[in-house]
Amino acid sequence: MNKLVTASEMKHFDSYTINTIGIPSLVLMERASLAVRDFILNSNYDLTNVVVVAGYGNNGGDGLCVARLLKIAGVHVSVVPVGNSDHESVEHATQSKICQYYQIDLNAKLAALEHATLVVDAIFGIGIDRTVLGAQATAIDKINQSNTPVIAVDMPSGINTDTGELMGTAVKATATVTFAFNKIGLTIVAGPTYAGNVTIADDMGTYDIA
Ligand SMILES: NC(=O)C1=CN([C@@H]2O[C@H](COP(=O)(O)OP(=O)(O)OC[C@H]3O[C@@H](n4cnc5c(N)ncnc54)[C@H](O)[C@@H]3O)[C@@H](O)[C@H]2O)[C@@H](O)CC1
Ligand SMILES: [K+]
């Protein structure tokens, strides 16, 4: 059976890949995002109006990268930013700059969800470590009320990567594209219901983690 990992095991694996093997972080992000793009393009979703809801960490960086890849593929896409930009990751800042070149709207409002035909959830991935409150909780609730298919990037935002429990509230996804290894939290407690169909991109599940 393929290995299931915790958040800390996944972080260790990412850091080993980046710092010891030498694959740059942005290359991992591009590969992850290409997998999400391919999943979206190869499914039967209505792509008339895709709305990416993105945090300011690397899960949000994935979201911006997916937005750019979809725009290049001819899809109308906008990004609703959620959270505190003071906490922007380095990779997110890079993706943001690239998106500006492609004239992607990075400041859409939550109201954009009312007209979305597909939502990409990139608020939190494996970095979630506390109860979701405030703007992020509002965004998650609006996504769930939108009655629109939702693709979660890596984890449905709000699901604990290790326990599958809700961290207050969580995105109820139609499908989740997770990276390299399946996560324990996608397989137990609320995880399976909130993740929908899980795809493991760049599946490393039969390898031993160094
Ligand atoms: N180079 C890498 O490290 C890669 C990361 N990837 C993506 O990056 C994600 C992990 O990124 P991050 O570690 O930046 O974490 P996240 O983007 O999951 O979360 C961002 C930050 O939010 C904060 N936070 C946690 N819980 C919160 C809460 N309840 N309310 C408010 N803020 C909260 C934490 O400080 C956390 O670091 C993965 O799930 C994956 O999507 C992928 O792009 C593959 C490569
Ligand atoms: K997510």
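The UniProt annotation "binding site", from an unreviewed entry, covers Asn59, Asp121 and Ser157. These residues span 99 residues in sequence, yet no two of their C-alpha atoms are more than 9.5 Å apart, so they gather at one spot. Please keep in mind that this is a predicted model. With that in hand, here is a tour that starts at the annotated residues, moves on to the ligand, and then follows the sheet from strand to strand.

**The annotated residues**

- Asparagine 59 belongs to helix H3, and it is buried, with 26 other C-beta atoms within 10 Å.
- Beyond its neighbours within four places in sequence, asparagine 59 is in contact with Ala122, Ile123, Phe124, Gly125, Gly127, Val153 and Asp154.
- Aspartate 121 sits in strand E4, on one side of the strand together with Val119, and both are buried.
- Across the pairing with the next strand, aspartate 121 stands opposite alanine 152 in E5.
- Serine 157 is found in the loop between E5 and E6, and serine 157 counts as buried because 31 C-beta neighbours lie inside 10 Å, where 20 or more are enough.
- Leaving aside neighbours within four places in sequence, the contacts of serine 157 include another annotated residue, Asp121, as well as Ile123, Phe124, Ile140, Ala152, Ala170 and Val171.

**Around ligand 1**

- How many residues surround ligand 1, and which are the closest? There are 27 of them, and the closest are Gly57, Asn58, Asn59, Gly125 and Gly127.
- Helix H1 (7-21), helix H2 (25-41) and helix H3 (58-72) are the elements that give two or more residues to this shell.
- By residue type, the shell around ligand 1 divides into eleven nonpolar, eleven polar and five charged residues.
- Asn59 links the two topics: it is covered by the "binding site" annotation, and it is one of the closest residues to ligand 1.

**The sheet as a whole**

- Six strands form an open sheet in the order E3-E2-E4-E5-E6-E8, with parallel pairing.
- Strand E3 (77-81) and strand E8 (197-201) stand at the edges with a single partner strand each, so one side of each is left without a neighbour in the sheet.
- From one strand to the next, the twist averages 20°.

**Strand by strand**

- E2 and E3 run parallel and are joined by five bridges; in E3, valine 77 is the bridge partner of valine 50.
- Strand E2 (residues 50-54) is mostly covered, with five of its five residues buried.
- Both faces of E2 are covered: Val50, Val52 and Ala54 are buried on one side, and Val51 and Val53 on the other.
- On to E4: E2 and E4 pair in the parallel sense over five bridges, and alanine 122 in E4 is the bridge partner of alanine 54.
- Is strand E4 (residues 118-122) mostly covered or mostly exposed? It is mostly covered, as five of its five residues are buried.
- In E4, Leu118, Val120 and Ala122 are buried on one side and Val119 and Asp121 on the other, which leaves both faces covered.
- E4 and E5 pair in the parallel sense over three bridges.
- Strand E5 (residues 150-153) also pairs in parallel with strand E6 (residues 175-179), over three bridges; there, valine 153 has valine 177 in E6 as its bridge partner.

**Two further residues to look at**

- Asparagine 49 is placed in the loop between H2 and E2, and with 17 C-beta neighbours inside 10 Å it counts as partly exposed.
- Asparagine 49 and histidine 76 are 27 residues apart along the chain, while their C-alpha atoms are separated by 5.4 Å.
- Outside its neighbours within four places in sequence, asparagine 49 is in contact with His76, His115, Ala116 and Thr117.
- Glutamine 136 lies in helix H5 (residues 134-145), where it is buried, with 23 other C-beta atoms within 10 Å.
- Not counting residues up to four places away in sequence, glutamine 136 touches Val82, Gly83 and Ile123.
- Glutamine 136 and tyrosine 207 are 71 residues apart in sequence, and their C-alpha atoms are 35 Å apart in space.

Definitions and conventions. Residues are numbered from 1 along each chain as its sequence is written. Chains are lettered from A and ligands numbered from 1 in the order in which they are written. This is a predicted model: local features need pLDDT of at least 70, side-chain atom pairs count only at pLDDT 80 or more; totals for chains, interfaces and linings use all residues. Two strands pair if DSSP finds at least two bridges between them. Helices (H or I, at least four residues) and strands (E, at least two) are DSSP runs, numbered from the N terminus. Axes are lines fitted to C-alpha atoms, for helices over the stretch in contact, and angles run from 0 to 180 degrees between N-to-C directions. A residue is near a molecule or strand if its C-beta atom, placed from the backbone, lies within 6 Å of it. Ala, Val, Leu, Ile, Met, Phe, Trp, Tyr, Cys and Pro count as nonpolar, Asp, Glu, Lys and Arg as charged, and the others, Gly among them, as polar. UniProt positions are given in the numbering used here, feature names are shortened, and annotations may be inferred rather than shown by experiment. A residue is buried if 20 or more other C-beta atoms lie within 10 Å of its own, exposed if 12 or fewer, and partly exposed in between; C-beta atoms are placed from the backbone. Two residues are in contact if their C-beta atoms, placed from the backbone, lie within 7 Å.
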